[in-house]
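Let's take a walk through this structure together. Keep the 3D view open and follow along as the parts come up.

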Amino acid sequence: MPEKFVSRSLRTAVTLPLVSAALVLPSTSAAAAPATSLAPAAGSQTSVSAGAATAVRTAGAALKSAARPSGLPASAKGRFVSTSRLAVSADVSMLGVTWPTTAKRVSVFVRTTQAGQKASAWKAVGQEQGTEAAKTAGTEPTMVLGKATVEAVVLSDAPVAASLRSYGSQVTGTDAAVASAAAKATADSVSMRAASVTSANATSATGVSGDAVSGKAVSIYRPTIRSRAAWRANQGLVREPYRYGVVTGVMIHHTATSNSYTRSQVPAILRGIQAYHVNGRGWNDIAYNVLVDKYGVAWEGRGGGLTNAVVGGHGMGITNARVFGLSFIGNYDVKKPSSAMLDTAERVIAWKFAMHSVSVYGRTWGSSGALNNISGHRNEKSTSCPGRYVYAKMSTIRAKVATYKQRYYSNVSAAAVRAASR
């Protein structure tokens, strides 16, 4: 039977306003000439206040009929084409194309032109598969760093009302300070949290200090995970109270965004993903419970408390209520994950499994049936996520998680780990 969820009050987090831009791709009759004008849309400047004054540029204009863009794959032949072009200028822009969930056989291609450079080749953008009360269907986000022009082509069998939106954020001094602090931490650094643990909770304390048997305080390893406040998550975007289920496993994802980011850009990337997931897809918050960047730094994703079984938005249906979601920041279909990134993820998973009494090599179930307790997104849905290079490491990931779980938590109860981690 599905678990019951308990609503709890939202926590307050530091917010940072996002720069947003949107352009709607109009629909025309299938018999009409393809709409392919790539002229930049006219825009307006509006100052808004959300903690601090920020200029928000909203672009929108009707598209004109023109020739089909060159360079598209042969699969574009005979299909209806909508096109759009949008200029972005934020330090980090997260772009996504969305369309009604009722539309069938929609394909999206995107290309970018950085300032002073030639346009990139058209790149197919996959559909992001999370389904948390999705108001729209949509692509995985495309990340653009700095000034650029982005062009999108939507292919469909019939006209479809699609939208290209950009959520941009500036890299702040606070972001740089957070990144600097993270750079000083090594991939194997852990913080020690003390908690009173009685003999009812633990019989010994392998890898910890103190005397659990006599009821004295012990210190238990916890991986360092940067808070939502550190990346300035916008709690004001969260629409409903968080829901709580159980943790019976972990599903590993990747964000499918660029790998060419710096440490100081990571908080802005997270803000952009959150804005796209909420405003673009209609989800309640950023989909993933934890995200890990290429430098091996872990970040708290969805709110509601890392020690709790917070329902995410990363999987299909009931999976979100049963399986913890961890995502690597970047595209690991095209690049191998760093050893620091993998090691941090393995420590986080071991800690989360210890807290919720989950076995490393066991089996659980989600909306699509049976899953390994440590699974990849592609085990549930037809997708390349978490990327072929991460997926090839799944056996190694399981072995390392088992090693860390044995090393740090073998004789410590789940209650003790949870109490020590709060």
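## Holes, sheets and helices

Start with the empty space: searching the whole structure turns up six cavities of 30 Å³ or more. Bear in mind that what you're looking at is a predicted model. The largest cavity has a volume of about 120 Å³. Its lining is made up of 17 residues, and Glu128, Gln129, His253, Tyr288 and His377 are the ones nearest its centre. Sorted by class, the residues lining the largest cavity come out as five nonpolar, 10 polar and two charged.

Then there's the largest pocket, with a volume of about 780 Å³. Which elements give two or more residues to its lining? They are β6 (107-114), β7 and β9 (142-145). The largest share comes from β6, which supplies seven residues. Nearest the centre of the largest pocket you'll find Lys123, Ala124, Val125, Thr142 and Ala256. The classes in the lining of this pocket are 14 nonpolar, 18 polar and five charged residues.

Here are the two spaces next to each other:

| Space | Volume | Lining residues |
|---|---|---|
| Largest cavity | about 120 Å³ | 17 residues |
| Largest pocket | about 780 Å³ | 37 residues |

Now for the sheets. A bit of background helps here: strands of a sheet pair through backbone hydrogen bonds, either parallel or antiparallel.

One open sheet has four strands in the order β4-β10-β6-β7, and the pairing is antiparallel. At its edges sit β4 (80-88) and β7 (123-125), each of which pairs on one side only. Neighbouring strands in this sheet are turned by 25° against each other on average, direction ignored. Look at β4 and strand β10 (residues 148-156): they run antiparallel and are joined by nine bridges. If you want one pair to click on, Val88 has Ala148 in β10 as its bridge partner. Two strands of this sheet, β6 and β7, also turn up in the lining of the largest pocket.

Another open sheet has six strands, ordered β14-β17-β16-β18-β15-β21, and this one has mixed pairing. Its edges are β14 (225-226) and β21; each has a single partner strand, so one side of each is left without a neighbour in the sheet. Inside the order, β15 and strand β18 (residues 323-328) run parallel, with six bridges between them. One of the residues involved is His253, whose bridge partner in β18 is Ser327. You've met His253 already: it is among the residues nearest the centre of the largest cavity.

There's one more pairing to look at. Strand β5 (residues 92-99) meets β11 in the antiparallel sense, over seven bridges. Within that pair, Leu95 is matched with Ser166 of β11. Is β11 mostly buried or exposed? Seven of the eight residues of β11 (residues 162-169) are buried, so this strand is largely enclosed by the rest of the structure.

Next, two helices. Helix α3 (residues 266-280) has 15 residues and reaches 20 Å from its first C-alpha to its last, close to the 21 Å expected at 1.5 Å a residue. It is mostly covered, with 14 of its 15 residues buried. After α3 comes Gly282, which has a positive phi near 85°.

Helix α5 (residues 339-355) tells a similar kind of story. Its 17 residues should span 24 Å at 1.5 Å a residue, and its end C-alpha atoms are 24 Å apart, which agrees. Of those 17 residues, 16 are buried, so α5 is largely enclosed by the rest of the structure. The residue to look for after α5 is Ser357, whose phi is positive, near 55°.

Finally, two loop residues. Ser382 sits in the loop between β21 (374-376) and α6 (388-391). Why does Ser382 count as exposed? Its relative accessibility is 70%, and exposed means over 50%. Although Ser382 and Gln129 are 253 residues apart along the chain, their C-alpha atoms are separated by 8.8 Å. Gln129 is another of the residues nearest the centre of the largest cavity.

Pro241 is in the loop between α2 (228-231) and β15 (249-254). With a relative accessible area of 44%, Pro241 is partly exposed. Its C-alpha is 9.8 Å from that of Gly303, and the two residues are 62 residues apart along the chain.

Terms used. Residues are numbered from 1 along each chain as its sequence is written. This is a predicted model: local features need pLDDT of at least 70, side-chain atom pairs count only at pLDDT 80 or more; totals for chains, interfaces and linings use all residues. Side-chain values use heavy atoms; hydrogens and water are left out. Two strands pair if DSSP finds at least two bridges between them. Axes are lines fitted to C-alpha atoms, for helices over the stretch in contact, and angles run from 0 to 180 degrees between N-to-C directions. The expected span of a helix is 1.5 Å times one less than its number of residues. Buried means under 20% relative accessible area, exposed over 50%, partly exposed in between (1.4 Å probe, protein chains only). On a 1 Å grid over the protein atoms alone, a cavity is a set of points where a 1.4 Å probe fits but cannot get out, and a pocket is an open set with protein on both sides within 12 Å along at least five of seven lines; lining residues have an atom within 4 Å of a point. Grid points are joined across faces, edges and corners, and a volume is the space filled by probe spheres set on the points. Ala, Val, Leu, Ile, Met, Phe, Trp, Tyr, Cys and Pro count as nonpolar, Asp, Glu, Lys and Arg as charged, and the others, Gly among them, as polar.
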